[in-house]
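User: Please take one helix of this model and give me a close, connected reading of it, working outwards to the parts that surround it. State the cut-offs as you go, since I would like to compare them with my own.

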Amino acid sequence: MGKVDVVTADLISRARAGDGEAFRALTEPYRRELYVHCYRMLGSVQDGEDALQDTLVAAWQGLGGFGERASIRTWLYRIATNQCLNALRAARRRPAKAWDIPGIEPPEPTRLGEVVWLGPLPDSLLDGAFDLPVGPEARYEQSESISLAFVTALQALPPRQLAVLILRDVLGFRANEVAEMLDTTLPSVNSALTRARSGLERQQVRWRRHESSPAAGSPEEDAIVARFVTAYESADVQGLVELFTDDIFMSMQPMPHEYEGRDLVARFFEHLLISDRRYSLVPTRANGQPAFGAYVLGPDGARHGTGLFAITLAGDRICAMTRFENSVFAWFGLPLSLPGQ
């Protein structure tokens with residue numbers, strides 16, 4: 001059960017009286033972690049931002065009903081979670097996008113994926129998001145719980161199971177707190193959690209067998225990234241293949257094409273990278289992973305952004321790649337075109 005200290009109680013009193021600055025002081029410490037929570041729930045940077053804004057509006061309007069039985073943080077998570085559930089219920093299932101990379105005919109994919117509207121999260125939006133009091137019952141490291149593999153697996157869960165698993169296993173809220181947040185019973189929470197864990201394990205089976213990745217910014221990670229950039233920019237498909245694990249997995253949001261296995265992913269890059277074209281990569285980071293804005297030199301002499309690649313590392317190899325469209329560039333501060341070199 002949360003405890004409201006004297007300073008917080010004063011801010012609540014002032015905010016209830018219409019003091020906007022007091023409300024901001026009350027909620028700002030939780031803004032970043034609430035945003036990441038909404039992103040995990042919805043799998044989209046823009047949808048997460050919209051849900052966060054709806055949460056703050058609802059909190060401002062509903063502050064009079066805050067009974068101080070829970071902490072402000074728990075109360076805000078309750079509002080944010082229910083805003084996300086409302087958004088998920090209202091969302092229409094968006095159809096997968098047809099292949100639209102001009103001049104390239106893709107090889108036959110391993111399968112067509114179900115989760116095709118996932119968006120990457122810029123690491124710049126993660127600053128301070130992991131400095132939070134996670135409960136002792138949390139099962140996942142905060143960095144793992146924001147990885148593309150994990151967020152992709154979450155999106156395949158039914159909304160209520162998704163919410164319960166994040167609140168219990170990612171954030172470590174107690175079962176009775178989650179039941180109160182979702183206006184349901186303790187047995188219902190426990191049942192949903194059991195089903196969600198089972199569903200998540202089925203989704204993650206191909207990711208969890210890999211050894212751990214090198215630390216962000218470490219010499220080991222830098223070495224792999226440098227080899228990847230060199231091979232990609234020189235259209236050296238064989239050099240790329242040498243970096244892949246045998247069971248590398250590649251997806252292409254929001255197109256449903258999924259490729260699994262070194263040979264098939266190599267065949268994809270044989271179609272994508274043409275030796276007489278000039279390529280360049282601009283490094284960034286997404287979901288705690290190395291990522292790159294990909295550009296190709298056009299006939300006008302400018303380099304045009306074609307998409308964003310995020311890679312997942314296992315030891316000294318690449319075990320997964322996700323390609324996103326260039327519509328995500330703005331979130332990463334990447335221009336759609338660059339001067340030619």
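Analyst: Helices here are DSSP runs of H or I with at least four residues, strands are runs of E with at least two, and both are numbered from the N terminus. The model is predicted, with local features needing pLDDT of at least 70 and side-chain atom pairs counting only at pLDDT 80 or more, while totals for chains, interfaces and linings use all residues. Residues are numbered from 1 along each chain as its sequence is written, and side-chain values use heavy atoms, with hydrogens and water left out.

The helix I have chosen is H7, which covers residues 159-170. From its first C-alpha to its last, H7 reaches 15 Å with 12 residues, close to the 16 Å expected at 1.5 Å a residue, where the expected span is 1.5 Å times one less than the number of residues. After H7 comes Gly-172, which has a positive phi near 75°.

H7 is mostly covered, with 10 of its 12 residues buried; buried means under 20% relative accessible area, exposed means over 50% and partly exposed lies in between, using a 1.4 Å probe and protein chains only. The buried residues run from Gln-161, Leu-162, Ala-163, Val-164 and Leu-165 through Ile-166, Leu-167, Arg-168, Asp-169 and Val-170.

One partner of H7 is H3 (31-42). The axes of H3 and H7 come within 10 Å and cross at roughly 135°, the axes being lines fitted to C-alpha atoms, for helices over the stretch in contact, and the angles running from 0 to 180 degrees between N-to-C directions. H3 is therefore oblique to H7, since angles under 35 degrees count as roughly parallel, over 145 as roughly antiparallel, 65 to 115 as roughly perpendicular and the rest as oblique. The crossing of H3 and H7 is right-handed, a term used if the near helix is turned clockwise from the far one by less than a right angle, whereas an anticlockwise turn makes a crossing left-handed. On the H3 side His-37, Arg-40 and Met-41 meet Leu-162, Ala-163, Ile-166, Leu-167 and Val-170 of H7, contact meaning heavy atoms within 4.5 Å. By class, this contact of H3 with H7 holds six nonpolar residues, one polar and one charged; Ala, Val, Leu, Ile, Met, Phe, Trp, Tyr, Cys and Pro count as nonpolar, Asp, Glu, Lys and Arg as charged, and the others, Gly among them, as polar. As background for the spacing of such residues, an α-helix has 3.6 residues a turn, so residues three or four places apart point the same way.

Arg-40 of H3 and Val-170 of H7 meet a further residue outside both helices: leaving out residues up to four places away in sequence, Gln-142 touches Arg-40 and Val-170, as well as Phe-130, Leu-132 and Val-134. Gln-142 sits in the loop between S1 and H6 and counts as buried at 10% relative accessibility.

The loop between S1 (111-112) and H6 (148-155) also holds Ser-147, which is buried with a relative accessible area of 15%. Ser-147 and Leu-121 are 26 residues apart in sequence, yet their C-alpha atoms are 9.2 Å apart in space. Leaving aside neighbours within four places in sequence, Ser-147 is in contact with Asn-287 and Gln-289. Asn-287, for its part, is found in the loop between S4 (279-286) and S5 (289-297), counts as buried at 2% relative accessibility, and has a positive phi of about 55° although it is not a glycine.

Returning to H7, another neighbour is H5, whose buried residues pack against H7 and also against H1 (6-16), H2 (20-27), H3, H4 (45-62) and H8 (175-181). Those buried residues of H5 are Ile-72, Arg-73, Thr-74, Trp-75, Leu-76, Tyr-77, Ile-79, Ala-80, Thr-81, Cys-84 and Leu-85. For the 19 residues of H5 (72-90) the expected span is 27 Å at 1.5 Å a residue, and the end C-alpha atoms are 27 Å apart, which agrees.

Two of the helices that H5 packs against, H2 and H4, also pack on each other at an angle of about 125° with their axes 11 Å apart. That angle makes H2 oblique to H4, and H2 passes H4 in a right-handed crossing. In this pair Gly-20, Phe-23 and Thr-27 of H2 meet Leu-56, Ala-59 and Trp-60 of H4, and the residues of the contact are four nonpolar, two polar and no charged ones.
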